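Here is a short tour of one protein, written to be read with the structure open beside you. Take a moment to look around, then read on.

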Amino acid sequence: MMKMDMNKKSKLGFVDENQFSGSISYSFPLSKISWLKVGGPVDILFRPKNLDDLSRFLSLIPVEVNVMPIGACSNLLVRDGGLSGVAVKLGGSFSEIEINNNQVKLGAGNFSSKVAVYLSELGYDLSFLRTIPGTIGGAIAMNAGCYGKYIGDYVRSLEGVNKSGKIIRLGKENLQFKYRCTKLPNDFIVTSAILKPKIEKKEAIKLKMKEMLSKREETQPTKKATCGSTFKNPDGKSSLMLEEAIELKAWSLIDRAGLRGKQMGKAMVSKKHPNFLINLGGATSEEMEALGEYVRKSVYEKFKVSLDWEVIRVGRQ
Ligand SMILES: Cc1cc2nc3c(=O)[nH]c(=O)nc-3n(C[C@H](O)[C@H](O)[C@H](O)COP(=O)(O)OP(=O)(O)OC[C@H]3O[C@@H](n4cnc5c(N)ncnc54)[C@H](O)[C@@H]3O)c2cc1C
């Protein structure tokens, strides 16, 4: 834990950190924990010890201070100027996995891949989570999915806290899971979720996970610094008549625009999977974002299709 920075404390109208059992770090460089290895510092990084700690912390934060939950930062492009306010990172203290009546309560700090492996041993199939980096909280916020499965299809309810620290439970009927996003109440931090996975033979689940892992290895730069798919697959609407044969997948459009391997500074469009942008080492967020915008512009000029960012860009330029 870093020493209290009196300037930050007074600037944010903050309270004494000793009353929280979680850790507080000031000016924490998010490049240290982001998958892309880019991004400036966040004013305050809070890692709560438990739900009460988080709730109390939030109840004491002035309303004007931004609060953003982060997981493993596997889908975040934090800009070089960093984030103002507070980033709340749920970790090991939010990693419960409890099974009751074939429903599973998952702490939002659990790693999605770890959950898939753990549950496979018990005959519960959330195998698609095996190859998705990040935490359960991040997976829920993004409605993460692959190979035709989405986490939202399994969620029964969520527990979390709002900006004023109130603990709230939301049933499925209060949630809208869409393609790569979930409509959560404003400033809602998911702390746990109840899911109902399918029951399946252990061997079958393990085989599926093995197949998905090798498919990823074959088609994606899994060992590089990336955020996975940069853009959502477009919905197919275009003002230009495209040949029916052209798949309206983001990677295919980027490839057809001739951008495979395109480089800007240390940022590069992956040669293996053109919807992945790679930090070759030492890239800035500015380079990563500029390359992404160049890709969008080029695809639009060629196909009149606007690619929407799937990666969430936050922070000061
Ligand atoms: C190699 C690679 C492959 C990938 N493949 C896939 C894939 O196949 N499918 C897919 O969907 N994604 C994929 N991703 C993207 C990413 O892994 C997922 O979106 C993941 O679920 C993000 O989780 P995270 O914990 O890292 O969230 P973060 O990146 O930290 O945050 C993402 C968003 O979730 C919000 N958030 C995080 N935690 C919480 C919380 N507790 N409560 C409320 N909101 C929260 C953040 O505010 C932010 O808006 C891939 C990424 C990489 C690097």
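## A covered strand

Strand E5 is mostly covered, with 5 of its 7 residues buried. Keep in mind that this is a predicted model. E5 spans residues 83-89, and its pairings on both sides are worth following.

On one side, strand E2 (residues 41-47) runs parallel to E5, and 4 bridges join the two. Within this pairing, Ile-44 sits opposite Val-86 of E5, while Leu-45 faces Ala-87. E3 also runs parallel to E5, again through 4 bridges. Here Pro-69 has Val-88 of E5 as its bridge partner.

## The sheet around it

How do these strands fit together? They belong to an open sheet of 4 strands, ordered E1-E2-E5-E3, in which the pairing is mixed. Strand E1 (23-29) and E3 are the edge strands; each has a single partner, so one side of each lacks a neighbour in the sheet. On average, neighbouring strands of this sheet are turned by 30° against each other, direction ignored.

As background, strands of a sheet pair through backbone hydrogen bonds, either parallel or antiparallel.

## Three domains and a contact

The protein is divided into three parts: domain 1 covers 6-89, domain 2 covers 95-217 and domain 3 covers 220-314. The centres of domain 1 and domain 2, taken over C-alpha atoms, are separated by 24 Å.

Where these two domains touch, 14 residues of domain 1 are in contact with 14 residues of domain 2. On the domain 1 side, helix H2 (51-60) and E3 each supply at least two residues. H2 gives the largest share of that side, 6 residues. By class, this side of domain 1 has 8 nonpolar, 5 polar and 1 charged residues.

## The shell around the ligand

Which residues are closest to the ligand? Of the 31 residues that surround the ligand, the closest are Gly-71, Gly-134, Gly-137, Gly-138 and Gly-228.

Several elements contribute to this shell: strand E3 (67-70), helix H4 (136-142), strand E9 (145-146) and strand E15 (189-195) each supply at least two residues. H4 provides the largest share, 5 residues. The shell holds 20 nonpolar and 11 polar residues, and no charged ones.

E3 is a good strand to return to when you look at the model again: E3 is an edge strand of the sheet, supplies residues to the side of domain 1 that touches domain 2, and contributes to the shell around the ligand.

Definitions and conventions:
Residues are numbered from 1 along each chain as its sequence is written. This is a predicted model: local features need pLDDT of at least 70, side-chain atom pairs count only at pLDDT 80 or more; totals for chains, interfaces and linings use all residues. A residue is near a molecule or strand if its C-beta atom, placed from the backbone, lies within 6 Å of it. Ala, Val, Leu, Ile, Met, Phe, Trp, Tyr, Cys and Pro count as nonpolar, Asp, Glu, Lys and Arg as charged, and the others, Gly among them, as polar. Two strands pair if DSSP finds at least two bridges between them. Axes are lines fitted to C-alpha atoms, for helices over the stretch in contact, and angles run from 0 to 180 degrees between N-to-C directions. Domain bounds come from an automatic or database domain assignment. Two residues are in contact if their C-beta atoms, placed from the backbone, lie within 7 Å. A residue is buried if 20 or more other C-beta atoms lie within 10 Å of its own, exposed if 12 or fewer, and partly exposed in between; C-beta atoms are placed from the backbone.
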